[in-house]
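Open your viewer, get your selection tool ready, and follow along stop by stop. Each stop says what to pick and what you will find there.

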Amino acid sequence: MKRFVLIVAGLLAACSQGSDSVVFHAASNPATLADWNVLDIRQGHLVPSGGSTVYEVNAPLFTDYAHKMRTIYSPSVAPVRDDGSLDFAVGTVISKTFYYPENETGTVITPDNGRDAIDLSTHRLIETRLMVLRETGWSPVSYVWNEAETEARLKRTGAVVPLTLSGTDFAYVVPNENQCAGCHATDMTTKVLHPLGATGPQIKNRGHMVVSGIMQHGATAVQADYRDTNLSLDDRARSYLAGNCAHCHNPVGPADTSGLDLSLSAQVGPEMGRCKPPIAAGSGTGGHKFSIMPGDPDNSIMTYRLASTDPGSMMPELGRGLVHAEGVALIREWIAEMDGDCGT
Amino acid sequence: MRKLLLGTALFLAACSQADTPVATDEAYQDTLQLALLDAKPGDIITIPAGTHSLDRGLSLAADGVTIRGEGMDVSILSFKGQIAGAEGLLVTGDNVVLENFAVEDSKGDAIKINDTDGVTVRGVRVEWTGEAKTENGAYGLYPVQTTNVLIEDVVAIGASDAGIYVGQSRGVIVRNSRAERNVAGIEIENTQDADVYGNLTTDNTGGILVFNMPGLTQPGGRVRVYDNDVYENDRSNFGHPGTPVASIPAGSGVVINSHDDVEIFENRIRDNRTANIIIASVYSSNFADSSFSDTFDPYPDRIHVHSNELSGGGNKPDGMELKAAKTVKFGLTGHFPHVLWDGYARGDEDPKICIEEPNAEVFNADLPNESKNMRVEMDLHRCTLPRLPAVTLNAG
């Protein structure tokens, strides 16, 4: 009898473990986030579930000061490719939940990546985006949370969420499905989507991810954490631009039409913006002649566009309605310290 | 009393136009964007009659899709209340047909088509309503890095850069279209094999521009501009300071900048107050001091101007230096010849700027020598060039 009880208990445990795995939807997108079992609400907290592991990134994209909880579920240990990307297996589900502390008074300056439980009594959930690796490649899927924070529903056409942050009203814009590719398809010719944060150089807690069986240990470069003031100004600024701009501004990206390359591999010179005239900036020039005027952030198109919230002028084009004051300050400081001029 | 009522009615009308906040038609916005997301090759997405107010940019990524309205003045997508998106409509799918609708008042560009093969835009209107002003979006129609592009019967109004702009593309026809009240009416930039014909450009700052800019994926080459009406493009430049077009003088008919192999023929070009035709190098633009790569060719070579009807213009050039040059050389009541050249050429090589026009002379502004020897000259320009081939588009 005792033995029988043990077996049943074992079976139950197995069962509960089985149902507690991420549910991979190989072809279509279910109507609610819960159907994936990537995240779960337990005791008033949003927590990873189904074998998902929280990861952090070194150079996060600014999204209106939203906090982000990122998870990866990987059915097998992903090898690290030579270029630093991870060779995930079909069935991998990556999530990113955008949320804000409620009753926020001061300016949010600490994107608290890595928090592995979001207390719903003090935070407001906005949206959760998934990148799912299917046989056909990576699929983007967006879910928008209801105000009661009980359910996130599929929203393919995007949404507008009016918010107030530190007294400033703004419209938080959830992108539509095509717009996901606007960032995640970094090669405009192949238009193949891939993760931007879940890569060797970007993952901050790499050791934890190795131990958790998400990725193999592999020697790849580490992208600088632009918030780390112990690092050099140049490393921080270049990492900020790479993290926030290079998905489009790379030699084969959607913004290669501009001739401006902000990836980490760009050479210092006109291709990286130094003394580079605008091509199709329109109102984005702010009246300035060069993307970067060395030593003169006030006369640089780059700082003007980062500090704008006009849809026709601002950069990045999508994904923010507020100015990232700390990011602008970093780029201003970087440009201010550049020597030389543009011969004018 | 009747008069008073009329006055009141007008006043109310004015008020309602200015003050009514634009209510987004969210249901339609969702419906249309969902149709764009779900579109499969061969699908036709229709835009019903009416003005549809949208607050976010639309995007189409699928191949082989047609978006069709009931007419450029009937099916209108209005972005007056736009809060997000750098354009009204972004197209990234191949072999897309856009026809018979309008995009109005987008915050950035009206329609951008990026990195695709096979573009047809037909009977579409892109417009910034109200005053032509600097705050308007940059480009009306904006295919860039595209191949096999047909733009016909479109209307572009009010762009603070170019109404119809084709950039870094190959195999392009822009025909039978109208561009008014833009900074640049039609601009072909860093594009290879383009035919621009049967168009009407008037009341822009510059009528038709053929530009080659440094630092881009490809240089421009082989552009034919013919059978167009280009007149009275005298509007004050309202481009954003710092943009390349902001240096275009008001009253420019056809402008060639740093571009090789351009044939301008059988156009009717008249009454553009700075000059009917301007041929220049990047050295006389805003960006004379920018650093170019060694591979960039800043000089316009092999420019063939012939068989045009040229009249009027050149009488009231824009900008102090041009005004002074005109007055010094031609008097207060005189005018520039039909062709204005900044004088930049590679060393002492013949740039082959060939003007085969009985009534046209060339004014060389001699900018390389600080205009010390401004002169009317024709000897250098009595030459001819082989005709450029017509553009043929590959069917998608």
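How many residues of chain B are in contact with chain A? Colour the two chains separately and look along the boundary: 47 residues of chain B meet 42 residues of chain A. Keep in mind throughout that this is a predicted model.

**Stop 1: the boundary between the chains**

Show the surface of both chains. Together, chain B and chain A bury about 3400 Å², and carbon and sulfur atoms account for 55% of it. Now switch on polar contacts: 16 residue pairs, both at pLDDT 80 or more, are in polar contact between chain B and chain A. On the chain B side, select α2 (26-38), β3 (56-60), β6 (84-91), β9 (109-114) and β12 (141-144), the elements that each give two or more residues to the side touching chain A. The largest share, 5 residues, belongs to α2(B). Colour that side of chain B by class and you should find 18 nonpolar, 19 polar and 10 charged residues.

**Stop 2: a salt bridge**

The interface of chain B and chain A holds 2 salt bridges. For one of them, select B:Asp38 and A:Arg156, whose side chains meet at 2.7 Å, N to O.

**Stop 3: a glutamine in a loop**

Next, pick B:Gln168, in the loop between β15 (162-167) and β16 (170-175) of chain B. Is B:Gln168 buried or exposed? With a relative accessible area of 3%, B:Gln168 counts as buried, because buried means under 20%. Display side chains and you will see B:Gln168 joined to B:Thr217 by a polar contact of 2.9 Å. Expand the selection to the residues that B:Gln168 touches: among them are A:Asp256 and A:Thr257 from chain A, and B:Glu189, B:Asn190 and B:Leu216 from chain B.

**Stop 4: inside chain A**

Hide chain B and colour chain A by domain: domain 1 covers 20-223 and domain 2 covers 228-344. Taken over C-alpha atoms, the domain centres are 26 Å apart. In chain A, 24 residues of domain 1 are in contact with 21 residues of domain 2. About 1700 Å² is buried between these domains, with 61% from carbon and sulfur atoms. On the domain 1 side, select A:Phe62, A:Tyr65 and A:Gln223, which lose the most area to domain 2 and together make up 30% of what that side buries.

What joins the two domains of chain A? Look for salt bridges across their interface and the rule finds 0, while 10 residue pairs, both at pLDDT 80 or more, are in polar contact.

Definitions and conventions:
Residues are numbered from 1 along each chain as its sequence is written. Chains are lettered from A and ligands numbered from 1 in the order in which they are written. This is a predicted model: local features need pLDDT of at least 70, side-chain atom pairs count only at pLDDT 80 or more; totals for chains, interfaces and linings use all residues. Side-chain values use heavy atoms; hydrogens and water are left out. Helices (H or I, at least four residues) and strands (E, at least two) are DSSP runs, numbered from the N terminus. Buried means under 20% relative accessible area, exposed over 50%, partly exposed in between (1.4 Å probe, protein chains only). A polar contact is a pair of N or O atoms within 3.5 Å; within protein, one must be able to donate a hydrogen and the other to accept it, and residues adjacent in sequence count only if both atoms are side-chain atoms. Contact means heavy atoms within 4.5 Å. Domain bounds come from an automatic or database domain assignment. Buried area is the accessible area (1.4 Å probe) that two parts lose on being put together, summed over both. A salt bridge is a side-chain nitrogen of Lys or Arg within 4 Å of a carboxyl oxygen of Asp or Glu. Ala, Val, Leu, Ile, Met, Phe, Trp, Tyr, Cys and Pro count as nonpolar, Asp, Glu, Lys and Arg as charged, and the others, Gly among them, as polar. Lists of a residue's contacts leave out its neighbours within four places in sequence.
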